[in-house]
Every structure is written in structure tokens, then in C-alpha cells.
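User: I am new to this structure and would like a close look at one part of it. Please keep the sentences short and show me how that part fits into the whole.

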Amino acid sequence: MKLSEIKSRLENLSEVKFQLPNGEFVPQHFHITEVGIISRHFIDCGGTMRDEKTVNFQLWEDRDYDHRLGAKKLHDIITLSETKLGIDDNLEIEVEYQGSTIGKYHLDFMDDHFVLLNTQTDCLAKDKCGIPASKPKVQLADVSGTSSNSCEPGGGCC
């Protein structure tokens, strides 16, 4: 989800809820303790230089059970962040939330709440690493090429 999309969704909400990948919700007394830009400048395993930027939200909750972050307040925080940090609202959002370790999530929206989606690592240079796009599927019946039970050189059995 892009920053512009979350701002648009917030205009129609009164409360902000985040659902974790396991179906549970982040407790309603969470804070957004950071909004920032994460910049990565790196080289992939195929030798290509890459630059990535994302907007980062850090969700945090503690014993402040009376705290509730409303949609308007979050919208105001985002607007202030855009102004002070020069954030482009076409950047993707990455959300950090503390589980057993800090988890990084993509963001989506469903019904009346935001959904944290698990992130995965990936090889960005599969074509240069020799990794096939998908594993070829072979029918075992097509492998032998012969109906004979004997294995001869050139017989297709091995």
C-alpha cells in the first residue's frame, strides 16, 4: 500500500485498527512511535546496483491502556511527516511491530481495518543466478521413453 492510499482510507475512518497475519489485532492502545523514510542502497547477487525507499511506520504498545490513535490524528502525523521529511506519498509503506522480534510487514486494507502482511526475502537476480522462474513439472511416464524394464545405454531409463 502506498502512503497516498493510507491517507485516503483514513478519511473515511474514525478509529485505526491493524490486524496481524495470525488474525489477531494490535491492541487498541498502540502508538505510532516513528514515521520515517527507509533508504536502501545495495547490490544484488547478480551485480545490479539498487536503490529502494519506503515509508516506515513503527507500531508500539505498552501499558498506556487509555491511549487511542484516531484516524484524524494519524492523518495529521502523516501530513506533518511529509512536510518535515519531504516524503513522497507514492512510496510504499512498511510497518514494524514488535512480536518475538521486530517484524516487518506490508500493508493492505480490508473492510474497516488495515492488515499487516508478512514479508518474504527473495532473489532479485534469478536470471543471473541460474534459478529457473518455476520448477519444471515432469510426468514420470514421460521420463522413461520406453516400456522395457531393462536399463540400456541410451534407453532413457537413467
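How many residues lie between β5 and β6 in their hairpin, and what is the phi of Asp-111 in the turn?

Analyst: This is a predicted model. The hairpin of β5 and β6 has two residues between its strands. Asp-111 sits in that turn, with a positive phi of about 55 degrees.

Start with the turn itself. Asp-111 belongs to the loop between β5 and β6. Its phi is positive although Asp-111 is not a glycine. Most residues other than glycine have a negative phi. Asp-111 is also exposed: its relative accessible area is 69%, and over 50% counts as exposed.

Now the two arms. β5 covers residues 102-110, and β6 covers residues 113-118. The two strands pair in the antiparallel sense, over six bridges. One pair to look for is Leu-107, whose bridge partner in β6 is Leu-116.

β6 has a second partner. Strand β1, residues 18-19, is joined to β6 by two bridges. Here the strands run parallel. Phe-18 stands opposite Phe-114 in β6.

Step back to the sheet. Six strands form an open sheet with mixed pairing. Their order is β1-β6-β5-β4-β3-β2. The edge strands are β1 and β2, and each pairs on one side only. At the β2 end, twelve bridges join β2 to β3, and these strands run antiparallel. There, Ile-38 has Thr-54 in β3 as its bridge partner.

The sheet is part of a chain with four helices and six strands. From the N terminus on, the elements run α-β-β-β-α-β-β-β-α-α. The chain has 158 residues, and 31% of them count as buried. Take the contacts in the chain with a separation of 6 or more: residues 24 or more positions apart account for 62% of them.

One helix packs against both arms of the hairpin. Helix α1 spans residues 3-10, and its buried residues are Leu-3, Ile-6, Lys-7 and Leu-10. Seen down the axis of α1, these buried residues fall within an arc of 100 degrees, so they line one face of the helix. They pack against β5 and β6, and also against β3, α2 and β4.

After α1 comes a loop that leads to β1, and Glu-15 lies in it. Glu-15 counts as partly exposed, at 40% relative accessibility. Glu-15 and Leu-69 are 54 residues apart in sequence. In space, their C-alpha atoms are 7.1 Å apart.

Last, the largest pocket. β5 supplies at least two residues of its lining, and so does each of β2, β3 and β4. About 490 Å³ of space lies in this pocket. The lining has 17 residues. Those nearest the pocket centre are Arg-40, Glu-52, Glu-94, His-106 and Gln-120. By type, the lining divides into five nonpolar, five polar and seven charged residues.

To retrace the path, begin at Asp-111 in the turn. Follow β5 and β6 through their six bridges. Cross from β6 to β1, where Phe-18 stands opposite Phe-114. Then return to β5, one of the strands that supply the lining of the largest pocket.

Definitions and conventions
Residues are numbered from 1 along each chain as its sequence is written. This is a predicted model: local features need pLDDT of at least 70, side-chain atom pairs count only at pLDDT 80 or more; totals for chains, interfaces and linings use all residues. Side-chain values use heavy atoms; hydrogens and water are left out. On a 1 Å grid over the protein atoms alone, a cavity is a set of points where a 1.4 Å probe fits but cannot get out, and a pocket is an open set with protein on both sides within 12 Å along at least five of seven lines; lining residues have an atom within 4 Å of a point. Grid points are joined across faces, edges and corners, and a volume is the space filled by probe spheres set on the points. Ala, Val, Leu, Ile, Met, Phe, Trp, Tyr, Cys and Pro count as nonpolar, Asp, Glu, Lys and Arg as charged, and the others, Gly among them, as polar. Two strands pair if DSSP finds at least two bridges between them. Buried means under 20% relative accessible area, exposed over 50%, partly exposed in between (1.4 Å probe, protein chains only). The arc is that of the directions from the helix axis to the C-beta atoms. Contact means heavy atoms within 4.5 Å.
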